[in-house]
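Here are a few exercises to work through with the model open in your viewer. Try each task before you read its solution.

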Amino acid sequence: MNELIRAVVAMSWPLLFVGRGSERVRSGTGLLIMIGLVLVSGLVLGSLVPADLLFLPSWTGLGSGMLSLVLWVLLGSLARVAGGVSLPGPPLLSAIAIGALVGEIGAAGMIAGISDKRAAARLALAAAGGAMVGRVGDPALLLLMDQVGWSLAPLGLLTAMVAVPGGSLPRIEGHTVVTAAAAVVATAAIFAGDFLPHVLAAGCLLMAGLAGGKLRVVDLRPVGWCFGLTVLVLLSTASGLPELAAWGLELVQEILGSWRMPGLTAIGVLIAVLSEGISGALLTSAVLDRALDLTVEGVPTALAAGLAVGGLAPLVIVGAVREGLLRWAVQVFLALLWAGLVL
């Protein structure tokens, strides 16, 4: 056990610091250094074997999830360059729909150009709420849809309403054809099953075709950041972190008793804040695959709710963490209340 804990600590510590790392999405130097340090630690401790590194995605069972997350971020980046997504009607409702169609990260990228930071924060939080309505909206739903289903949709709409007070909002610019293409991809993803990476890849090709000559200006740094986060989770999984975390969560849910569901949601929020929503969703997926006691009704939903609401990435991307922090806290409170009363 001591060797396991030593390996987990040496190879998983970066996950405690990358939650605010999206602020450095334009410079991945820190992320590369952390990956390098973890690789060296794993090799020194014997947890990693050089000849086996390329097979880790398949051996850990994370390959499909890693690919899906990277393609998901790429889809949002391409949709933005292709002209953006927007629906008629009030800007707030449009933001909710955009979050469901291209995801909270892609939606935040389209909102980032708004100069009014308070308005940008409100729209980003509305989009994050809408992201819980569709599979391609949030990293947790992207990977845990089979266990969670549509159970988070009511919570998503409820948390999106937190963005309502505050006056009028600017419209999010978009293109009708790009919006229709995003709707097709989002619908196909619902029924994709194990073919989700294929659907997302097809969506990326479709958006690339719509972008045409604008492809040269696609910002691939968020894609690189996402890939780096998934690599960190992959390495931490090789160290045994999911097994240790599964044991810990099983123990915690027994201790919490009737407070189990809001407690697990709070844990999901903490994971999202510390390790970022993308890496948190991939890590939680790995944990649930290894813990039968955590797959009982309601538990995956409680964790996914915390992961979906807790991520600060949308506010970081639009540069309005301070302006949106109070509303984000209200969303977290609503998620905890919902978990306690509904689950």
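Helices (H or I, at least four residues) and strands (E, at least two) are DSSP runs, numbered from the N terminus. This is a predicted model, where local features need pLDDT of at least 70 and side-chain atom pairs count only at pLDDT 80 or more, while totals for chains, interfaces and linings use all residues. Residues are numbered from 1 along each chain as its sequence is written, and side-chain values use heavy atoms, with hydrogens and water left out.

**Exercise 1. Place Leu229 and work out what Leu229 is in contact with.**

Step 1: find the element. Leu229 sits in helix α11, residues 221-239.

Step 2: check accessibility. Buried means under 20% relative accessible area, exposed over 50%, and partly exposed in between (1.4 Å probe, protein chains only). Leu229 comes out at 0%, so it is buried.

Step 3: list the partners. Contact means heavy atoms within 4.5 Å. Skip the neighbours within four places in sequence, and Leu229 is in contact with Val18, Leu31, Glu276, Ile278 and Ser279.

Step 4: try a distance. Leu54 is 175 residues away from Leu229 in sequence, and their C-alpha atoms are 17 Å apart.

**Exercise 2. Glu276 turned up in that list of contacts; is Glu276 buried or exposed?**

Step 1: locate it. Glu276 belongs to the loop between α13 (260-275) and α14.

Step 2: apply the cut-off. Its relative accessibility is 3%, so Glu276 is buried.

Step 3: look at the backbone. Glu276 has a positive phi, near 80°, and is a residue other than glycine.

**Exercise 3. Do the same for Leu282 and Glu104, listing what each one touches.**

Step 1: take Leu282, which is in helix α14. With 1% relative accessibility, Leu282 counts as buried.

Step 2: leave out residues up to four places away in sequence. Leu282 then touches Leu62, Gly65, Met66, Leu69, Leu143, Thr230 and Val233.

Step 3: go to Glu104 in helix α5, residues 91-111. This one has 5% relative accessibility, so Glu104 counts as buried.

Step 4: collect the partners of Glu104, again leaving aside neighbours within four places in sequence. Among them are Trp72, Asp138, Ala308 and Pro314.

**Exercise 4. How do α14 and α15 pack?**

Step 1: get the geometry. Axes are lines fitted to C-alpha atoms, for helices over the stretch in contact, and angles run from 0 to 180 degrees between N-to-C directions. The axes of α14 (residues 277-290) and α15 (residues 299-310) come within 10 Å and cross at roughly 170°.

Step 2: classify the angle. Under 35 degrees counts as roughly parallel, over 145 as roughly antiparallel, 65 to 115 as roughly perpendicular and the rest as oblique. So α14 is roughly antiparallel to α15.

Step 3: find the residues that meet. Gly280, Ala281, Thr284 and Leu288 of α14 face Pro300, Leu303 and Leu307 of α15.

Step 4: sort them. Ala, Val, Leu, Ile, Met, Phe, Trp, Tyr, Cys and Pro count as nonpolar, Asp, Glu, Lys and Arg as charged, and the others, Gly among them, as polar. This contact has five nonpolar, two polar and no charged residues.

**Exercise 5. Which residues make the contact of α6 with α17?**

Step 1: start with the axes. Helix α6 (residues 117-130) and α17 pack at about 25°, with axes 8 Å apart. That makes the two helices, α6 and α17, roughly parallel.

Step 2: name the residues. On α6 they are Lys117, Arg118, Ala121, Arg122 and Leu125, and on α17 Glu323, Gly324, Arg327, Trp328 and Gln331.

Step 3: tally the classes. There are three nonpolar, two polar and five charged residues in the contact of α6 with α17.

**Exercise 6. How many aromatic pairs does a search of the whole structure find?**

Step 1: set the rule. Rings of Phe, Tyr and Trp (its six-membered ring) pair if their centres lie within 6.5 Å; planes under 30 degrees apart count as stacked, over 60 as edge-to-face and the rest as tilted.

Step 2: run it. The search gives two pairs. Trp13 and Phe17 have ring centres 6.3 Å apart and planes at 65°, so they are edge-to-face. Phe55 and Trp59 have centres 5.4 Å apart and planes at 20°, so they are stacked.

Step 3: add accessibility. Trp13 is partly exposed at 29%, and Phe17 is exposed at 52%. Phe55 is partly exposed at 43%, and Trp59 is exposed at 54%.
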